[in-house]
Each structure stands twice: as structure tokens, then as C-alpha cells.
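Q: I am new to this structure and would like a close look at a single part of it. Please take me through that part step by step, explaining the terms as you go.

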Amino acid sequence: MNNKKIALIGLGYVGLPLAVEFGKKRTVVGFDINQLRINDLENGVDSTLENTTEELNDAKHLSYTANLDDVKDCEIFIITVPTPIDKHKRPDLTPLEKSSEAVGSILKKGDIVIYESTVYPGATEEVCVPILERQSGLIFNKDFYCGYSPERINPGDKEHRVTTIKKVTAGSTPEIATEVDELYKEIITAGTCWAD
């Protein structure tokens, strides 16, 4: 598990702090479709102000890209894209669907896709998994697996950071649930708890 390479999909106020923390301990590629965002991060600038230049520099194993080919060899994909609300106050799952399509296009046997985006119960299996299967041609819980760990970040809060907020984790099989929980335990000092 410790040598598995992580792709962090979406480098906003949720994804970047996670990428930085994991990037202090293991190889992480931060992916975002916004090339200007990537350029800023490569220059040590975080426009969300969630991470300082020093924190970005401390993540020695973290690199950034806007090119999907650069994350093809990753084995764990953590999706942290936004889920905005539309004019009818319904969740707009378009960013989640598009990121699932992108990850599905490069998914390999044995890979794990972890969703951190805020979604309604059942959305991962009802919306995301079918996209991953269709794009990859792989079978869920046989060829690839999913995890879920809802983001619990309060943007701009410098006291309650990603590492100091207890993390809920889940996996699509008992074995994957254990693996996902162990992964987050590497960085979450406040501890983790499983969701059934």
C-alpha cells in the first residue's frame, strides 16, 4: 500500500491540502484541468490560500499536471471536484461525471477510485461506478474498487485543517475499506472511523 502512487483529481480547497499532506509521505500527482492553476502551484502560489508556499514546498513527493496521461500509472485516484447546486437547488453532478469519465478512460485492473466530493447517498454506485465501468470496460469490485471519504473542510479555517478533523472512510469491499482507512491514517492525526 505504501508504494501505491496517488492521483489527486481536482486541486481546489479540498484537493490541494490533501495532495500536500500525502505528498509529504508518498508519490502524488495533483491533476487539475485548469493549466493556470497548475502554473501557479508549480510557482508555489495557492490562490485558495489554503496552503502557504512553505507548505507546498514541504510536499517533496508532489507534482502537478493538467495532462491526464501524467496520472495513467497511478493506482489510487482521489476525486475532489466540486458539486455545485443548480438554479433549482439540486446538486450539479457534471464535474463529478466528467472526472469519472476521465479517470475511467485510464483505469486499470486493481485500481481504487476514492470519492471525496459531497454527494447524496447512493450517488457513487448509482452515478459514478457505471461511468467508470463504461469508460474502462472493467467490472466494479472485480477489476477495480471504490472508496468514499466525504470532505470535511471549512475553507479558510486555519485551526481546523484536513489533518486535524476526524475522517470518515468507506470502501466497496471489506478489504478495500481497510485499505482506504489505512491510507487516510497516514495523514489524519485526528484519527479515522469507518462508515458501514
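Which residues lie on the two faces of strand β5 (residues 112–115), and are they buried or exposed?

A: This is a predicted model, in which local features need pLDDT of at least 70 and side-chain atom pairs count only at pLDDT 80 or more, while totals for chains, interfaces and linings use all residues. Residues are numbered from 1 along each chain as its sequence is written, and side-chain values use heavy atoms, with hydrogens and water left out.

Strand β5 is covered on both faces, with Ile112 and Ile114 buried on one side and Val113 and Tyr115 buried on the other. Buried here means under 20% relative accessible area, whereas exposed means over 50% and partly exposed lies in between (1.4 Å probe, protein chains only). The names of the elements come from DSSP runs, numbered from the N terminus, a helix being H or I over at least four residues and a strand being E over at least two.

Turning to the neighbours of β5, strand β4 (residues 76–79) runs parallel to β5 and is joined to it by four bridges, two strands being counted as paired if DSSP finds at least two bridges between them. Within this pairing, Tyr115 of β5 is the bridge partner of Ile79. Strand β6 (residues 145–148) is likewise parallel to β5 and joined to it by four bridges, and in β6 the bridge partner of Tyr115 is Tyr148. From β5 the chain crosses through helix α5 (residues 123–136) to β6 in a right-handed β-α-β crossover, where right-handed means that, with the strands pointing away from the viewer, the path from the first strand over the helix to the second runs clockwise. A right-handed β-α-β unit is also made by β4, helix α4 (residues 94–104) and β5.

Helix α4 deserves a look of its own, since its residues Leu96, Ser99, Ser100, Val103 and Gly104 are buried. They cover an arc of only 135 degrees around the axis, which puts them on the same side of α4; the arc is that of the directions from the helix axis to the C-beta atoms. As a general point, an α-helix has 3.6 residues a turn, so residues three or four places apart point the same way. The buried residues of α4 pack against β5 itself, and also against β1 (6–9), β4 and α5, contact meaning heavy atoms within 4.5 Å.
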